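Work through the exercises below with the structure in view. Try each task before you read its solution.

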Amino acid sequence: IGMQEVADSLNRNVSQGRFKAYFREIIKQADGLKQSGRVLLHQEIIVRCEASKKNIILLLFNDLLVHLPETKLKNKAIYGDERYQWPMNLIWIKENREFTKIIGPSGKYKIRTTDIQAWKPQLETAIKEYLSKQDYSDKDEEVSLYSAYRYGSYEFEPTVGNFSGRWNYGKMELGKYSYSGNIYDGHFIDGLKDGYGTLITRFGNTYTGYFAKGRPHGEGTQVDKQGNKYTGYFVHGLKQGHGIMKFSSGDIYEGEWVNDTPQGQGTMIYSSGNIYKGNWDGGFYHNFGTLTVGDTTYEGMFNYGLKEGKGIMTGPKGIYDGDWKANLKEGFGEYTTERGVYSGEWVADLQEGKGTVTFSDSYFGTSYTGQFKRGQFHGQGKIVYATSNVQSYEGEWIFGRKNGKGLLVFCNTDTFDGFFKDGQF
């Protein structure tokens, strides 16, 4: 052994002894640094970060690097604060002739290479030695001082969370991220959820599928705490495109979505057995569709959930083909029942205005043409009897009874032209 080697060995021993003594002084204030096997490799150095234009303090141990702005150093107790500690397996070094970047899981520093020329080899050695003691035999990627990929856990500030998994130059890439009561297990790009993963929120909702820039985007399945399950497509965190929603109530919707609500063509099958198939807007039946409720079917136009416009309703009581407003027959329409056919005007679901009713043969084949009110003959009108000793009556009516001036024609051609009251003359 040459004299130089002996001198270097003595210097290292002196330095190590000095660092041990200094470490003991530090942990009197920074209790958080106490850990079995931890060794101080170099006392603080103060260098300038060219990115922030501020001085930073770096304190090197065999298993972690303490880093913080010089302005934060009021006393050495802050060295024990985990916010300013990077584990050795999650430190990367990138350099060129002028600058060296020291990258950690919560940030990076850009330092002039000349400022840390003597200190940097010790950091590189610490990283190499620490990584060499880890078991990465189950990993596909090489893990070394120069590799982009590293594996490990890091606790961000309490409001940010904890990540455990694979990193790429200081960025989370694949693993489990717990934050604010939420848990995400999956892929990341540039520190954001991106790619395939599963998110369980603090509200009890679960999403499994694809993400982009931190939000569900693409195909996925979402189950909320009420048990409602959606399987389909998302855009920027919202249901959009084709999807199936199975509600906890038993209702099922399949069709198009826009901004988290049914919009476009879709079918809702209710647990009651009712079915709507047609167009939606903002979660409402809108424009053309078919609604079946029990044994009654409506096919026609809707206006935000209400039957409005032209439509046909078919049910056990009959068939109505005509105009609708706010779920009621209103305007012109034809209503066919076993009793006969009414064709005319409607107001608030009742015959009102001008119209004609022709009763079927089983109801004596009588017909009436004239004015209606609240579903009854009212105003001026003419009734023609098919089977009666009276042939016709033409005149005034009040709520289904002859009232006022009128002409009554009998089958024997006799007539009465005069005034009536409550159907009598």
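**Exercise 1. Two cysteines and the disulfide count**

Task: Decide whether C411 is buried, partly exposed or exposed. Do likewise for C49, then give the number of disulfides.

Solution:
- Step 1. Keep in mind that this is a predicted model.
- Step 2. Take C411. Its relative accessible area is 45%. Partly exposed lies between the 20% and 50% cut-offs, so C411 is partly exposed.
- Step 3. Take C49. Its relative accessibility is 2%. Buried means under 20%, so C49 is buried.
- Step 4. Now the disulfides. The rule asks for a pair of cysteine sulfur atoms within 2.5 Å. The count is zero.

**Exercise 2. Salt bridges around R166**

Task: Which residues form salt bridges with R166, and where in the chain do R166 and E141 lie?

Solution:
- Step 1. Recall the principle. Side chains of opposite charge can pair when their charged atoms come close.
- Step 2. Apply the cut-off: a side-chain nitrogen of Lys or Arg within 4 Å of a carboxyl oxygen of Asp or Glu.
- Step 3. Check E141. Its closest N and O atoms with R166 are 2.9 Å apart, and the two form a salt bridge. This pair links distant parts of the chain, 25 residues apart. R166 sits in strand β9 (residues 162–168). E141 sits in the loop between α2 (120–132) and β8 (149–155).
- Step 4. Check E173. With R166, the closest N and O atoms are 3.0 Å apart, again a salt bridge.
- Step 5. Add the accessibility. R166 has 15% relative accessible area, so R166 is buried. E173 is at 15% too, and is buried.

**Exercise 3. A network**

Task: Which residues join E50 in a network of salt bridges?

Solution:
- Step 1. Start with one pair. The side chains of E50 and K53 meet in a salt bridge, 3.7 Å from N to O.
- Step 2. Look at cover. E50 has a relative accessible area of 13%, so E50 is buried.
- Step 3. Widen the view. The network links E50, K53, E98 and R112.
- Step 4. Set this against the total. The structure holds 16 salt bridges.

**Exercise 4. Two surface patches**

Task: Which residues make up the positive patch, and which the nonpolar patch?

Solution:
- Step 1. The positive patch consists of K94, K101, K108, K110 and K171.
- Step 2. Place one member. K110 is in strand β7 (residues 107–112). Patch residues need over 30% relative accessible area. K110 is at 31% and counts as partly exposed.
- Step 3. The nonpolar patch is formed by I252, I269 and I275. Together they have about 210 Å² of accessible area.
- Step 4. Place one member here too. I269 is in strand β18 (residues 261–269). At 40% relative accessibility, I269 is partly exposed.

**Exercise 5. Positive phi**

Task: What is the phi of N327, and what is the phi of R374?

Solution:
- Step 1. Recall the usual case. Most residues other than glycine have a negative phi.
- Step 2. N327 is not a glycine, yet its phi is positive, about 75 degrees. N327 lies in the loop between β23 (318–325) and β24 (328–337). At 30% relative accessibility, N327 is partly exposed.
- Step 3. R374 is not a glycine, yet its phi is positive, about 50 degrees. R374 lies in the loop between β27 (367–373) and β28 (376–384). Exposed means over 50%. R374 is at 53%, so R374 is exposed.

Conventions:
Residues are numbered from 1 along each chain as its sequence is written. This is a predicted model: local features need pLDDT of at least 70, side-chain atom pairs count only at pLDDT 80 or more; totals for chains, interfaces and linings use all residues. Side-chain values use heavy atoms; hydrogens and water are left out. Buried means under 20% relative accessible area, exposed over 50%, partly exposed in between (1.4 Å probe, protein chains only). Patches are made of residues with over 30% relative accessible area and no salt bridge: like charges are joined within 9 Å, nonpolar side chains (Val, Leu, Ile, Met, Phe, Trp, Tyr) within 5 Å. Accessible areas come from the Shrake-Rupley method with a 1.4 Å probe; for residues, only the protein chains shown count as cover. Lys and Arg count as positive and Asp and Glu as negative; His and the chain ends are not counted. The place of a charge is taken as NZ of Lys, CZ of Arg, CG of Asp or CD of Glu. Helices (H or I, at least four residues) and strands (E, at least two) are DSSP runs, numbered from the N terminus.
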